[in-house]
Amino acid sequence: MEAPSKSSDGGKNALLRALPSIEQLLRRPSLEARLAGVSRARAVAALRLAVEHVRRRLLSGDPRPFEDSDVDEALRRLATPNLRPVLNATGVVLHTNLGRAPLAPEAVARVAAVARGYSNLEYDLDEGERGSRYAPVVDLLTELTGAEDALVVNNCAGAVLLVLAALASGRECVVSRGELVEIGGGFRVPDVMRQSGARLVEVGTTNRTRRADYASALTPETGLLLKVHRSNFAIVGFTEEVSVAELAEVGRARQVPVFQDLGSGALVPLEGEGLTSEPTVRMAVADGADVVAFSGDKLLGGPQAGIIVGREALLARIKSHPLTRALRVDKMTVAALEATLELYRDGRPEAVPTWRLLSQRPEALRARADRLLGLLASQGLQVRVASVSGQVGGGAMPLARLPSFACILKVEEPDVFLERLRGAEVPVIGRIADGEVLLDVRCLAEEELGQVAEAVIGTTRQGSRP
Ligand SMILES: *Cc1c(COP(=O)(O)O)cnc(C)c1O
């Protein structure tokens with residue numbers, strides 16, 4: 001590309017034209033040592049990356065020409081996966097941007113075992129014929145929820161779309177105006193309803209919906225009564241809503257099934273300071289919901305999945321809908337989910353990281369923050385421990401404020417500091433509060449404190465460089 005002006009580019013165009021070709025670089029003797037033991041294809045990829053980097057540098061006005069050391073940075077970038085582990089110092093347990101629920105070691109091991117080779121994912125070993133990919137988790141799910149049958153799809157958003165399409169397409173679906181919510185990421189109940197082919201019938205008002213509102217909305221066209229759990233916000237004050245149990249009575253009288261989108265869907269009651277109460281899936285089923293959908297990677301603490309449980313006849317209709325195939329889960333999901341559900345069945349919810357992270361005692365968090373402080377203070381950093389308030393995240397328990405502890409760093413430019421922490425070998429994700437850098441220890445394992453300290457100390461050194 002020709003620059004419009006020939007005179008005032010400060011020699012930029014000449015520098016750009018002087019950029020070496022990949023062929024020239026491959027033959028450059030001074031690069032031989034750096035590229036020794038690197039395959040030709042990888043060397044080409046690294047050199048392309050390096051030249052592109054220098055091109056951008058020149059275009060941005062930095063006149064440094066290509067240097068052999070630019071290849072080091074390119075090789076380092078090639079060796080760093082784009083998707084990789086980070087250390088979560090935000091205090092948000094189910095952080096959607098950070099991969100939501102961390103898996104239990106048992107689940108990770110099961111994924112590795114199944115992913116490595118072949119498995120009986122859709123093969124019935126007793127009969128020697130085709131089986132169902134949901135079979136490994138159906139018994140666990142029905143046992144843990146009290147439901148008759150179960151199905152697993154890609155995520156809860158998909159599960160909601162599928163249930164609406166299978167049970168209410170071309171028919172009416174009745175929902176309270178207080179539950180026409182946006183879950184996040186643009187997932188809005190009215191939009192999903194439209195996509196499913198169901199016709200939305202709104203009843204009640206934003207703050208108050210009564211049993212009679214539902215009852216009078218029922219027509220021969222009604223396919224479904226929908227209840228959406230308000231998982232990421234709350235309505236307080238002059239409010240009234242109809243419980244699942246009451247809704248089930250309304251539905252049963254007219255033979256209209258009740259579908260509850262539970263969102264977070266805890267399997268056991270969670271205990272921990274600051275947590276609000278959350279209906280379990282078993283409670284929803286016992287209260288009479290005919291179909292319940294919930295996430296695998298929210299409070300359950302398993303892999304990303306949308307779990308549907310409920311009455312056998314309804315599940316049969318859902319399973320035979322074409323969307324079920326489009327939304328199906330892979331073997332790694334089934335493996336991780338089975339292993340996670342086993343922990344609940346065996347009465348070991350504390351072995352599920354999400355459960356454990358949420359139920360930590362404040363004293364334990366304080367002690368961990370003190371240990372991180374010790375690692376940092378010995379380096380002469382301006383740091384103190386303070387009590388802070390964290391969140392569950394993932395659109396669960398919006399009102400819960402989890403009492404936690406954090407190391408608070410006083411630094412010149414907090415946003416630059418956080419950016420550098422993200423650039424550490426293992427990126428550390430912190431947050432800013434009142435102009436200070438805050439590292440909440442709730443989601444940091446004891447053995448990760450050293451890495452966090454290393455990243456902070458490295459970042460501080462960078463900062464003091466001229
Ligand atoms: C989070 C949530 C969903 C979406 O779940 P994903 O597993 O993230 O797809 C749907 N409904 C409710 C009520 C939720 O809270």
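The largest nonpolar core holds 78 residues, and among its members Phe294, Val309, Ile318 and Val392 touch the most others. Such a core is a set of buried Ala, Val, Leu, Ile, Met, Phe, Trp, Tyr and Cys residues joined through side-chain atoms within 4.5 Å. Buried means under 20% relative accessible area, exposed means over 50%, and partly exposed falls in between (1.4 Å probe, protein chains only). Helix α8 (residues 156-168) gives the largest share of this core, nine residues. Because domain 2 (87-96 + 356-461) and domain 3 (105-351) both contribute residues, the core lies between them. A second, separate core has 27 residues, including Val428, Val441, Leu444 and Ala455.

The model is predicted: local features need pLDDT of at least 70, side-chain atom pairs count only at pLDDT 80 or more, and totals for chains, interfaces and linings use all residues. Residues are numbered from 1 along each chain as its sequence is written, and side-chain values use heavy atoms, with hydrogens and water left out.

The chain has 466 residues, of which 47% are buried. Its secondary structure comes to 19 helices and 15 strands. Helices (H or I, at least four residues) and strands (E, at least two) are DSSP runs, numbered from the N terminus. Along the principal axes, the C-alpha atoms fill a box of roughly 85 × 55 × 50 Å. The chain is divided into domain 1 (6-79), domain 2 (87-96 + 356-461) and domain 3 (105-351). These bounds come from an automatic or database domain assignment. The centres of domain 1 and domain 3, taken over C-alpha atoms, are separated by 53 Å.

The ligand is surrounded by Arg100, Asn155, Cys156, Ala157, Ile183, His229, Ser231, Asp261, Gly263, Ser295 and Lys298. A residue is counted here if one of its heavy atoms lies within 4 Å of the ligand. By class, the shell divides into three nonpolar, five polar and three charged residues. In this scheme Ala, Val, Leu, Ile, Met, Phe, Trp, Tyr, Cys and Pro are nonpolar, Asp, Glu, Lys and Arg are charged, and the others, Gly among them, are polar. Helix α8 and strand β8 (258-263) each supply at least two residues of the shell. Helix α8 also gives nine residues to the largest core.

Polar contacts (pairs of N or O atoms within 3.5 Å; within protein, one must be able to donate a hydrogen and the other to accept it, and residues adjacent in sequence count only if both atoms are side-chain atoms) link the ligand to several side chains. An N or O atom in the side chain of Asp261 is 2.7 Å from a nitrogen atom of the ligand. An N or O atom in the Ser295 side chain is 2.4 Å from a ligand oxygen atom. For Lys298, a polar side-chain atom lies 2.8 Å from an oxygen atom of the ligand. On its own the ligand has 380 Å² of accessible area, and the protein covers 93% of this. Accessible areas come from the Shrake-Rupley method with a 1.4 Å probe; for residues, only the protein chains shown count as cover.

Two loop residues stand out by their backbone angles. Most residues other than glycine have a negative phi. Arg100, a member of the ligand shell, has a positive phi near 50°. Arg100 sits in the loop between β1 (87-88) and α6 (105-116). Gln255 also has a positive phi, of about 55°, although it is not a glycine. The loop that holds Gln255 runs between α11 (244-253) and β8. Gln255 counts as exposed because its relative accessibility is 74%.

Glu273 is found in another loop, between β8 and α12 (281-286). With 37% relative accessibility, Glu273 counts as partly exposed. Its C-alpha atom is 7.7 Å from that of Pro362, although 89 residues separate the two along the chain.

Several helix residues are buried. Thr324 lies in helix α14 (residues 322-326), with a relative accessible area of 4%. A polar atom of the Thr324 side chain is 2.7 Å from the backbone oxygen of Ile318. Ser196 belongs to helix α9 (residues 189-196) and is buried at 5%. Ser196 and Leu164 are 32 residues apart in sequence, yet 5.8 Å apart in space, C-alpha to C-alpha. Glu342, in helix α15 (residues 331-345), is buried with a relative accessible area of 17%. Glu342 and Arg130 are 212 residues apart in sequence and 24 Å apart in space, C-alpha to C-alpha.
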